[in-house]
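Me: Please take a close look at one part of this structure, starting from a single pair of facing residues and working outward. What lies around that pair, and how do the other parts compare in their make-up?

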Amino acid sequence: MAGALAIERPKRWDHPLDPSMLLRDLDWLIASEPFASMNPDCFPKATPLVDILKNDARISRYEHGDVIIREGEYGGSAFIVVRGRVRTLITRLESTSVEVAQRERPSWLKLLRDSLRRFPVPEVRHVAATRSHKDGPPRLVTQVRSVDDKPRVFLQDASAILAGSTSEPLGEGELFGEMAAITRSPSHYTVVAEGPVVLLEIRWQGLRLLRRDPEFQKQLDHRYRGAGLKAHLRETLLFRFLPAEHLEKIAEATQLVSYGDREWFSEYKSTRKLNIQEQLRQEPIIVEEGSPVNDLLLIRSGFARRSYRLGAGHHTIAYLGRGEAFGLSELIHNTHQGINDKTILPYQESLRAIGFVDVLKISRRAFVEYAIPFMRGSELPKPIVTARYDSQGPVLSEAPPLVSQQENVDPAFLEFLVDERLINGRQVMMIDTERCTRCDDCVRACARVHEGNPRFTRNGPQFGPFQFAHACMHCADPVCMIGCPTGAIARDSDTGIISINPDTCIGCSVCSESCPYENIVMVQIHDQRGRALVDKQSKLPILQATKCDLCHSLPTGPACQAACPHEALVRIDASNLKALQNWMDR
Amino acid sequence: MIASRLKTVRAVVVTCGAVAIMLIIYQWIDKQLGRTDYYTGFTLLAASIGLMTLSMRKKLIVLPLGSVAVWQQVHQYLGLFAVATFMMHAGFPVHGILETALSVIFVLISLSGSVGWYINKTTPRKLLAAGQAVLREDIATMRRSIAQQAYHIALTAAGKIESATLADHYTQRLSDFFSRRRSIAYCLVPTGRSRRELLHGLEKVSRHLGPEGRSCKQTLSELVIAKDDLDFQWAMQIRLRSWVIFHVSLVWSFFILVAYHIYLVYRYKGG
């Protein structure tokens with residue numbers, strides 16, 4: 001326990017994506033497109049182009065049928081085809097076609113031993129794991145290599161699957177996977193190697209730096225707005241019965257517009273302290289109530305607040321997430337009324353961006369002409385009976401009742417979820433304080449399975465008796481992953497769980513500062529003898545980021561939930577309002 | 001709510017069924033002139049070990065053996081079963097020093113278990129009524145902050161003639177309340193008596209105050225409520241933890257005596 005051990009402070013690029021990249025490969029990459037035409041002056045001295053490629057890129061080989069990107073996988077890297085050809089499969093593959101590699105779970109013996117062990121010092125690390133690979137034993141290099149060498153997922157009957165699926169070929173020099181990597185979203189398609197392929201993989205940290213080159217940025221933007229659109233329209237429930245040529249027409253009449261700041265979390269920390277009206281004023285308006293209905297709006301990513309004016313403020317009635325539409329009721333209503341009728345209604349509600357939102361604006365004309373005839377009558381919204389606005393302006397005499405339109409949820413609760421940005425959470429820790437005795441069994445259980453240090457605080461925003469504790473929510477939009485220089489914080493492609501790899505975390509605290517919910521904590525780490533690890537040069541303590549990993553390695557799931565003797569704690573998807581309401585009403 | 005009640009009814013029926021089966025077997029062994037004391041004794045031992053497994057389950061949280069909440073329910077009903085078994089085993093009156101000690105400890109465990117059940121049921125609502133959930137570790141800091149605020153208000157009041165009475169009242173009646181922890185008796189049975197008395201005292205002082213003094217008095221009253229709420233949260237949480245320690249200590253004492261009891265039974269069982 002006593003004393004301290006001085007080690008070299010971990011640095012960015014201590015762990016390159018490919019530590020064995022050859023200099024001649026690097027020279028060849030620099031001389032190839034698109035890097036050859038990049039302007040080296042666009043990059044800061046600390047992160048020159050050559051170092052980005054050296055540390056954030058790797059050249060990989062794939063055999064025929066190897067799956068490079070799996071549909072639904074959370075992207076971490078973009079790829080450029082160096083040699084050969086790949087195919088992007090647009091049709092959905094059955095899960096049996098793409099086998100998921102098994103993750104390692106600790107043995108029962110280890111789990112039991114750890115459960116009964118006492119931890120005199122929390123957060124113990126193997127010193128070798130935190131050392132740079134340059135002066136330590138090759139433990140970390142082996143880990144990186146072992147990731148590299150992991151058995152590749154492949155399609156057993158690749159030729160038949162490729163022949164039987166709708167796919168698009170991508171040849172040498174073409175880029176793919178960049179959208180999912182930049183937007184931290186699941187991939188819309190599966191990419192499979194067609195014959196032997198050589199690819200350049202660029203992890204998203206590097207991709208972010210490469211965007212400093214204006215031409216490359218332009219190319220990315222163009223692709224992001226173009227390629228994602230068709231895929232998104234194709235998977236929109238509203239358009240599932242549309243013939244391909246009509247979908248094509250809809251795509252032509254669609255505009256992709258982004259609202260808000262992609263790095264919204266930095267602003268949110270200051271705006272959350274403002275009162276609700278001030279907060280609303282900070283949210284960019286997508287559509288103002290009372291304005292003419294020219295487009296149908298589809299949320300492509302992010303969240304938007306649906307509200308209407310009430311007194312001096314605004315009343316939130318719902319929030320929209322990915323795939324949800326705005327303005328449909330008005331459009332359908334107006335279509336039934338006829339285009340020249342005086343009863344044509346404007347937008348009845350306002351739509352505001354919560355954080356960062358990508359919106360698809362489909363022109364009214366194209367929607368009416370190409371989409372409505374192929375939509376089921378039973379799925380269409382009912383005509384608007386009590387309008388808030390008509391073509392003349394607000395209809396003040398007939399104010400609608402104060403009810404939420406989402407799953408019969410208390411409107412105040414809905415506003416609370418939106419204001420606290422809890423809608424972002426997929427595994428929110430919710431505590432019913434009407435049942436919780438504050439026994440802290442949940443905290444103890446968490447500490448027991450996390451080397452003596454609980455990964456959450458039983459404290460947080462509260463709505464009535466329901467408290468939302470400071471535990472990682474494994475967000476839909478995990479802003480903590482933005483800026484991690486080593487990729488230590490990552491989302492598991494199969495489970496959606498976001499976890500931190502202690503072997504590659506350099507303690508820069510970017511993730512901790514980015515998390516708008518204060519759910520990532522920097523902790524001092526110790527060696528197995530209990531000595532605090534300090535930097536060799538500065539003698540300052542070495543910290544690492546820790547957070548809830550949802551006990552993904554345990555067969556019981558989250559220990560906090562399993563340990564609660566009063567059924568007062570649950571891990572729940574905050575976007576599933578029905579589940580939330582059921583749990584609250586139980 | 002209905003599902004929860006159904007669960008309770010089902011558990012009570014199962015417990016009563018188990019006790020009935022236990023009685024039938026007891027009668028049958030008795031008719032056969034068998035050793036009913038061995039039968040009830042070992043059943044009680046098994047039930048006691050079963051009751052002990054709850055704390056083991058909490059430690060071995062990695063095992064997929066159902067949630068602790070289910071184990072807690074089983075613990076409560078197994079406790080009722082153990083009480084019934086104990087009554088059959090020990091009878092009344094109890095003879096012998098060891099047996100009396102064992103019986104007293106068992107009764108204390110049963111009573112503390114019932115008290116624990118009551119505390120667990122009522123504490124959350126009481127805590128909720130005392131404001132937002134507060135971490136026990138944060139209470140000391142929050143108390144200090146409240147005490148400092150109260151001190152500054154009293155200091156401000158002392159500087160003005162129209163509110164000097166309030167400063168005197170603070171020194172005589174409130175200073176102690178803000179700076180000190182509450183007594184053990186308050187932790188055991190937290191009441192709102194002090195709070196009512198202090199607020200009443202402040203109310204009485206207010207007729208001697210000017211407008212500014214009354215505003216200071218109002219703030220002080222709010223601080224008294226805030227401090228009392230924190231004390232209440234502290235007391236309730238401490239009470240819960242103390243109860244757990246008390247209950248577990250009794251359980252260990254019981255098992256030590258049980259081991260000795262079994263040793264004596266076999267040592268002197270005779271032919």
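Reply:
**A strand and its partners**

A:R305 has its bridge partner in β13(A), namely A:R352. The model is a predicted one, in which local features need pLDDT of at least 70 and side-chain atom pairs count only at pLDDT 80 or more, while totals for chains, interfaces and linings use all residues. Residues are numbered from 1 along each chain as its sequence is written, chains are lettered from A and ligands numbered from 1 in the order in which they are written, and side-chain values use heavy atoms, with hydrogens and water left out.

Strands such as this one are DSSP runs of E with at least two residues, helices are runs of H or I with at least four, and both are numbered from the N terminus. Two strands pair if DSSP finds at least two bridges between them. Strand β13 of chain A spans residues 350–363, and 13 of its 14 residues are buried. Buried means under 20% relative accessible area, exposed means over 50%, and partly exposed lies in between (1.4 Å probe, protein chains only).

Several strands of chain A pair with β13(A). Strand β10, residues 295–310, runs antiparallel to β13(A) and is joined to it by 11 bridges. Besides the arginine pair already named, A:S301 stands opposite A:D358 in β13(A). Strand β8, residues 254–260, is likewise antiparallel to β13(A), with 7 bridges between them; there A:G260 has A:F356 as its bridge partner in β13(A). Strand β9, residues 285–287, contributes 2 bridges to β13(A), again in the antiparallel sense, and A:V287 stands opposite A:L351.

From β13(A) the path leads on to β10(A). Of the 16 residues in β10(A), 13 are buried, so this strand is largely enclosed by the rest of the structure. Strand β11 of chain A, residues 313–320, pairs with β10(A) in the antiparallel sense over 7 bridges, and A:R309 stands opposite A:H314 in β11(A). These two strands form a hairpin with 2 residues between them, where A:G311 in the turn has a positive phi of about 60°. Strand β12 of chain A, residues 325–326, is joined to β10(A) by 2 bridges and runs antiparallel to it; across this pairing A:L297 stands opposite A:F326.

Side chains add a further contact in chain A. The charged end of A:R388 sits over the ring of A:Y308, 3.7 Å from its centre. A charge sits over a ring if NZ of Lys or CZ of Arg is within 6 Å of the ring centre and within 35 degrees of the ring normal. Chain B offers another case, in which B:K227 lies over the face of B:F177, at 4.7 Å from the ring centre.

Elsewhere in chain A, 4 strands form an open antiparallel sheet in the order β17-β18-β16-β24. Its edges are β17 (462–463) and β24 (569–572); each has a single partner strand, so one side of each is left without a neighbour in the sheet. β24(A) pairs with strand β16 of chain A, residues 428–432, in the antiparallel sense over 4 bridges, with A:I431 opposite A:L569.

Chain A also contains helices. A:S159 belongs to helix α6 of chain A, residues 158–164, and is partly exposed, with a relative accessible area of 46%. Its C-alpha atom is 9.7 Å from that of A:G195, a residue 36 positions away along the chain.

Chain B has 9 helices and 0 strands. Of its 271 residues, 38% are buried.

Aromatic rings occur as pairs in this model. Rings of Phe, Tyr and Trp (its six-membered ring) pair if their centres lie within 6.5 Å, and planes under 30 degrees apart count as stacked, over 60 as edge-to-face and the rest as tilted. The count by this rule is 18 pairs over all chains. One of them joins B:Y260 and B:Y263, which are stacked at 6.3 Å centre to centre with 20° between the planes. The two tyrosines are 3 residues apart in helix α9 of chain B, residues 211–267, and are therefore separated by about one helical turn. B:Y260 is partly exposed at 45% relative accessibility, and B:Y263 is partly exposed at 47%. In chain A, ring pairs link A:F413, A:F416, A:F463 and A:F468 into a cluster.
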